[in-house]
Amino acid sequence: MQRAHVYPMAQALAAAALFGASAPLAKLLLGEVDPVLLAALLYLGCGIGVGLTKLLQGLSGAADKSEAQISRSDWKWLAGSVFAGGVAAPIILLVSLRSTAASTASLLLNFEGVATTVIAVLIFRESVSKYAVWAIVAVTIASILLSWDASGQWGFSLGALGIIAACVFWGIDNNVTRNISAKDPLTIVLIKGLGAGSFSFVLALILGDQLPLLTSLFGALLLGGISYGLSIVLFIRAMRGLGAARTSALFGTAPLAGVALSLLIFRESLTPFFVLALLLMVAAAIVLLNEQHSHRHVHEPINHDHRHRHDDGHHNHDHPGMTDRSLTHSHVHTHERVEHEHPHLPDIHHRHAHET
């Protein structure tokens, strides 16, 4: 695996760890905050945290000006992400949970990774090797083992179908976000967090939810800023280099962090399922880290805007007065048609179709 691919994989795993840690920490808040209101505060915390980060960067002069900004053509993808992942999926999930056994819901939520991969392959034509498929299967099985409750009740109902539908919406969210992953992730998360959080907050007020104590309110906002905001930023950056399917596979290790933190917070006992799931997820990560994909491929002419440097083999254009080709920056630029062969993954420059 090229060194350039190791970094986004590390970002995906870090995103998974942050998001996975949110589950046991949010459980501590559920006694004080109603579920719909908690979801709203987590998303608002996500947006507010990123907004404060951008504000502080601007005031200190440390703003990252190398990131490409959202353009008019990106808004349809951003709107799809906010609606699918921030509004539709959480609401469908909350409604479906009312008539679905907890054990059933936990297992069905693992369908998100499968949905993301199927949509990426069938609709967005993303390349997925047999090694990546096995890694995705291993992570899915490990997640099922972590969420399995032998003493719980299993049932399949309209509510269960609703949970599957929620996972499909999250799969759509992951894929449409991939299409704008080259743009400034802070701006994407700011809009998504404030948009989805505001909608859920209004819904919570309509449902009659009461605002919690200030300690719980700020705790939820802080948790959302870190476990949601920073996690989503890392997830978006990982998709730049890995594509939606592989990033979702690595993000599927999130339950591992949640269970590990639960062992510390709630003093839950270590189970054989946890050990087996850990081994499966480690094996899946190793497979993805060592995945090799190389063939002769064609880059068709394209005009786009994203963060880049001129010593990466794909950006050979020059600027007046430019002396340092390792400088990272962004601007609208044109790629001429080129045909070559080298190891690659479905990053923002390698989302070409493959012969079957």
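Here is a short conversation about the surface patch, a helix crossing and the salt bridges of this model.

Reader: What kind of model is this, and how are residues numbered?
Author: This is a predicted model, where local features need pLDDT of at least 70, side-chain atom pairs count only at pLDDT 80 or more, and totals for chains, interfaces and linings use all residues. Residues are numbered from 1 along each chain as its sequence is written, and side-chain values use heavy atoms, with hydrogens and water left out.

Reader: What makes K54 and D184 a salt bridge?
Author: Their closest N and O atoms are 3.2 Å apart, and a salt bridge is a side-chain nitrogen of Lys or Arg within 4 Å of a carboxyl oxygen of Asp or Glu, so the pair qualifies. K54 sits in helix 2 and D184 in the loop between helix 7 and helix 8, 130 residues apart. Helices here are DSSP runs (H or I, at least four residues), numbered from the N terminus.

Reader: Why is D184 called buried and K54 partly exposed?
Author: Buried means under 20% relative accessible area, exposed over 50%, and partly exposed in between (1.4 Å probe, protein chains only). D184 has 4%, so D184 is buried; K54 has 27%, so K54 is partly exposed.

Reader: How many salt bridges does the structure hold, and which other pairs are there?
Author: It holds three. D74 pairs with K183, with the closest N and O atoms 2.5 Å apart. That pair links the loop between helix 2 and helix 3 to the loop between helix 7 and helix 8. K192 pairs with D173 at 2.7 Å, and because K192 lies in helix 8 and D173 in helix 7, this bridge ties together parts 19 residues apart in sequence.

Reader: Why are helix 5 and helix 7 called oblique?
Author: Their axes come within 8 Å and cross at roughly 50°. Angles under 35 degrees count as roughly parallel, over 145 as roughly antiparallel, 65 to 115 as roughly perpendicular and the rest as oblique. The crossing angle falls in that remainder, so the two helices are oblique to each other.

Reader: What makes L194 eligible for the nonpolar patch?
Author: Patch residues need over 30% relative accessible area and no salt bridge, with nonpolar side chains (Val, Leu, Ile, Met, Phe, Trp, Tyr) joined within 5 Å and like charges within 9 Å. L194 has 33%, so L194 clears the area cut-off. L194 lies in helix 8, while helix 2 gives the most to the patch, with five residues. Together I48, L52, L55, L56, L59 and L194 have about 590 Å² of accessible area.

Technical notes: Accessible areas come from the Shrake-Rupley method with a 1.4 Å probe; for residues, only the protein chains shown count as cover. Axes are lines fitted to C-alpha atoms, for helices over the stretch in contact, and angles run from 0 to 180 degrees between N-to-C directions.
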